[in-house]
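Q: Before we go through this protein, could you set each label against the rule behind it, so that every conclusion can be traced?

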Amino acid sequence: MTLVGHELPEYYQPGANLSLNLEPTNTLLFLRFLRAFTPFSMGQAILVELDPGNDSSVLYLPQTFILKVFDPKFFSHRLPKGSRPARPWTLEAETTAAAARKEQNRGRDPDFEPWRIPEDDDAPGWEEWYYQNAELQYHAEISAYDRLKVLQVTTLVHYYGSGLLQLSQRSIAPHALLLEYIPDAKTLDQVDPKVVSANLLHSLLETTEQFGRLGIVHSDITPGNILLSPGNRPLRAVIIDFGESGIREDESDEEWQKIVRINRPGIPPGCASACKYFSGM
């Protein structure tokens, strides 16, 4: 059995080889694992580098980048909390859930209905529930990056594409995003507020205002989802992690503005004095 916080698997050890099927071309991409950014939560951020054996068609990618993997095996929700019991991953339960999904023709549909909450002793049911939530997170994130292209490389990281991570001895191939790696970045709560300029914080304010106009609400702007680079004297600020974001669909202007207002971020907790500039948000 595996719980979040246990030892990382073989494929997440330094030097391990990974393969990814890029979408939509199904091009096989060979990668080498460098580092995991732990603790994992709903998505797992790992640093990878391109293997020299790759086809030249992937030369648009940098040598190193972040792979954000939506593998339900590592969801922090599996850990016990209060009255919630531990829900450890097992290959048997994952295989049973995957077989039922195939038999019932439940694929990777972004418009799926939320899966029912299983009974406590229904291990395959919980694997399906975690799988569907992983898919929901993935579709929210790629939809957000698609709508926010104009902000990439400035106040958002560069989104290079997505694919399916091929893992041995697993019954699923989790979705993964290919994202820009900012090597000298620190999260907002790790940076001395005195070195964060008002202009940088104002750029974050302007970015969050553009989210609504572009049909996105982030819903999870916290200090850990704001990166500053370089950490000792920041010149760039970016917002990350759109797995909880909401996407505008057929809402009227009035309905959407109400959603934007409800989800408007306040002062992120733990930001100290630097976050006084967020008070106007």
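A: A salt bridge is counted here when a side-chain nitrogen of Lys or Arg lies within 4 Å of a carboxyl oxygen of Asp or Glu. The model to which this rule is applied is a predicted one, and by this rule the count comes to 12 salt bridges.

Q: What makes Glu127 and Arg78 a salt bridge?
A: The closest N and O atoms of Glu127 and Arg78 are 2.9 Å apart, and because the rule asks for a distance within 4 Å, the pair qualifies. Glu127 sits in helix H2 and Arg78 in the loop between E4 and H1, so that the pair links parts of the chain 49 residues apart.

Q: Why is Glu127 called buried?
A: Its relative accessible area is 5%, and because buried means under 20%, Glu127 falls in that class. Its partner Arg78, at 1% relative accessibility, counts as buried too.

Q: What makes Arg170 and Asp71 a salt bridge, and which parts of the chain does the pair tie together?
A: Their closest N and O atoms are 2.8 Å apart, which meets the limit of within 4 Å. Arg170 lies in the loop between E5 and E6, whereas Asp71 lies in the loop between E4 and H1, so the pair ties together parts that are 99 residues apart in sequence.

Q: How do you know that Asp71 is buried?
A: The relative accessible area of Asp71 is 0%, and buried means under 20%, so the label follows. Leaving aside neighbours within four places in sequence, Asp71 is in contact with Tyr11, Gln44, Leu167, Arg170, Ile172 and Pro174. Arg170 also counts as buried, at 13% relative accessibility.

Q: Are Asp241 and Lys68, which form a salt bridge with closest N and O atoms 3.0 Å apart, buried or partly exposed, and why?
A: Asp241 has a relative accessible area of 22%, and because partly exposed covers the range between under 20% and over 50%, that is its class. Lys68, at 11%, counts as buried. Asp241 lies in the loop between E10 and strand E11 (246-247) and Lys68 in strand E4, so the pair ties together parts that are 173 residues apart in sequence.

Q: What makes E3 and E4 paired strands?
A: Pairing needs at least two bridges, and strand E3 (residues 44-50) and E4 pair in the antiparallel sense over six bridges, so the condition is met. Within this pairing, Ala45 stands opposite Lys68 in E4.

Q: In what order do the six strands close into a barrel?
A: The order is E1-E2-E3-E4-E6-E5, with antiparallel pairing, and the twist averages 45° from one strand to the next. Helix H2 (residues 123-147) packs on the sheet, touching E1, E4, E5 and E6, and its direction makes about 30° with that of E6.

Q: Which residues have the most contacts inside the largest nonpolar core?
A: This core has 38 residues, and those with the most contacts inside it are Tyr145, Leu177, Phe211 and Phe242. H2 gives the most to this core, with eight residues.

Q: Why is this core said to lie between domain 1 and domain 2?
A: Domain 1 (12-180) and domain 2 (186-263) both give residues to it, so it lies between them. A second, separate core of 25 residues includes Ala16, Leu29, Val69 and Ala176.

Notes: Residues numbered from 1 in each chain as written. Predicted model: local features only at pLDDT ≥ 70, side-chain atom pairs only at ≥ 80, totals over all residues. Heavy atoms only, no water. Buried < 20%, exposed > 50% of the residue type's maximum accessible area, 1.4 Å probe, protein only. Contact = heavy atoms within 4.5 Å. Helix = DSSP H or I, 4+ residues; strand = E, 2+ residues; numbered from the N terminus. Axes fitted to C-alpha atoms, helices over the stretch in contact; angles between N-to-C directions. Core = buried A, V, L, I, M, F, W, Y, C linked by side-chain atoms within 4.5 Å. Domains from an automatic or database assignment.
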